[in-house]
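Here are a few short exercises to work through with the model open. Try each one yourself before you read its solution.

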Amino acid sequence: PLRLEQLEDGLKNLKRFYSNRGYLEMKILNENENLISYNEKGTEAYIRVKLYEGPKVVIDSISIEGNLKTRSEVILKETELKVGDILTQEMIEESTRRLNRMGLFSRVTVRTLEAGTSLANRTLIITVSESKPGLFRTGFGVTSEDNLTLRGFLGTSYANLWGTARALSNRVELKSNVTQSQELQSKVTLGYMEPFLFNSRTRGRTSLTYHLTELDYNEESEVASMRESNRIDFLIEKELSRRLKLIWTFWSLESQRNFTLPESSFEKTSIAAIGPRFELDYRNNPFSPTSGTFTRWDTQYSHPDIGSSD
């Protein structure tokens, strides 16, 4: 039986088949006319597909435009495109996605200079428009948490140190409850990201966190119970596929100290951890999604042999 919807899907598969093998100029010449003809009674259909395959496109050279700060080798490492590669539509789309996810560019286009011609060896042109690498954020709010809680934060980041895509960030958070004994919490975080660990697209991340919390305050004795936490994290991040990411906690150490003021008694505990985290992302947009799912699976292992307290 002739099913027009099935025929349309078949033509899409045919285009995808050619595109994934480097035939970027492939066309179905009679797609809009004379694709189907019928006998006089209309009981039999004849399908004739006229193809123009075009050349099998190979990257002969790569030209990068618009990168005033970002080094060209950073863009090439992120796309993993090389001279001599057979260029497919999937490679163009994946390279565009990778560059957009770096957060360094407001616009990215990937095309060939000789598009629409019969030339097989082509110049690949990557055009970018750079965003401002520095970012400053601040905020203040009031919530009904524990009757009434005040919150505030201040954060700065720079995402393209020396044009290498290396990133630094810091954030200061303050939280205070004005109705209960828990008066103040402060948190300071410093972060660094190495974009091409082991000369690959493996990310290396390091963060330092200092967290101070006032647990209780006795007005009569003027003694405050405090908790101080210092934490360091070393993470390795790798895209296993377009949807699946592995984040491995190479080593994490958090040291907590409970103490009282003005007395000097304290109790200290350390927790070291290693382990993987997997993230499966089917959102239609990672920054402002309207559909899809985001799933995270995390496991950690701790033991005195890697630095934990007994």
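**Exercise 1: a leucine and its patch**

Leucine 190 sits in strand S11, where strands (E, at least two residues) are DSSP runs, numbered from the N terminus. Before you start: this is a predicted model, where local features need pLDDT of at least 70, side-chain atom pairs count only at pLDDT 80 or more, and totals for chains, interfaces and linings use all residues. Residues are numbered from 1 along each chain as its sequence is written, and side-chain values use heavy atoms, with hydrogens and water left out.

Task: work out whether leucine 190 is buried, partly exposed or exposed.

Step 1. Recall the cut-offs: buried is under 20% relative accessible area, exposed is over 50%, and partly exposed is in between (1.4 Å probe, protein chains only).
Step 2. Leucine 190 has a relative accessible area of 44%, so it's partly exposed.

**Exercise 2: a glutamate**

Task: find which side chain makes a polar contact with the side chain of glutamate 279.

Step 1. Look in strand S15 (residues 266-281), home of glutamate 279.
Step 2. Check the cover: at 10% relative accessibility, glutamate 279 is buried.
Step 3. A polar contact needs a pair of N or O atoms within 3.5 Å; within protein, one must be able to donate a hydrogen and the other to accept it, and residues adjacent in sequence count only if both atoms are side-chain atoms.
Step 4. The partner is the side chain of arginine 296, at 3.1 Å.

Methods: Helices (H or I, at least four residues) and strands (E, at least two) are DSSP runs, numbered from the N terminus.
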